[in-house]
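Student: I'd like a close look at one part of this model, with enough of the surroundings to make sense of it. Here is what I have open.

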Amino acid sequence: MTPIEWAAVALGVLGAFFGLVAALGIVRLPDVYTRAHAASKSDTLGAVLSIGAVAIVLQTDLSTIKAVFLLVFMFLTNPTAAHAIARAAQDQGIEPWTADDGEGEP
């Protein structure tokens, strides 16, 4: 394998790992605020790394430019959407989870 192929594989594996971390965070975390944090941070990083792997594999094609535009778009919109969701939850009066809310629960 060439170094470019190794880089694409590494980015793809890291992207899948951070996507899995985001999915586990959304399932396991207790409230909307922590779930939004998991979705905005880990999911964005996983998607950006995966699309970066795609851009490396495509190399000098028009599809590479499209992948880079998609990468920038996701990098800007995912955290913005998570912020909007958290702001809407706060406007609705949803209180953040605290250690006092659950006896021994995460």
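Student: What percentage of the 106 residues of the chain count as buried? And could you then take me through helix α2 (residues 32-58) in detail?

Tutor: Sure, and keep in mind that this is a predicted model. Of the chain's 106 residues, 23% count as buried. The surface side of that picture is an exposed area of about 7,300 Å², with carbon and sulfur atoms supplying 69% of it.

For the setting of your helix, the chain has 3 helices and 0 strands, and along the sequence they read α-α-α. The radius of gyration is 17 Å, well over the 13 Å that the globule rule gives for 106 residues, so the chain is more spread out than a compact globule. Taken along the principal axes, the C-alpha atoms fill a box of roughly 55 × 30 × 15 Å.

Now to α2 itself. Helix α2 covers residues 32-58, which is 27 residues, and at 1.5 Å a residue it should span 39 Å; the C-alpha atoms at its ends sit 37 Å apart, so the two values agree. Just after α2 comes Gln-59, which takes a positive phi of about 55°.

Back at the level of the chain, let's look at contacts between residues at least 6 apart in sequence: 67% of them join residues at least 24 apart. As for charge, the chain carries 5 positive and 10 negative charges, and the mean positions of the two sets are 8 Å apart.

How values were computed. Residues numbered from 1 in each chain as written. Predicted model: local features only at pLDDT ≥ 70, side-chain atom pairs only at ≥ 80, totals over all residues. Heavy atoms only, no water. Helix = DSSP H or I, 4+ residues; strand = E, 2+ residues; numbered from the N terminus. Rg over C-alpha atoms; globule rule 2.2 N^0.38 Å. Buried < 20%, exposed > 50% of the residue type's maximum accessible area, 1.4 Å probe, protein only. Contact = heavy atoms within 4.5 Å. Areas by Shrake-Rupley, 256 points an atom, 1.4 Å probe, with all protein chains shown as cover. Lys, Arg positive; Asp, Glu negative; His and termini not counted. Charge placed at Lys NZ, Arg CZ, Asp CG, Glu CD. Expected span 1.5 Å × (residues − 1).
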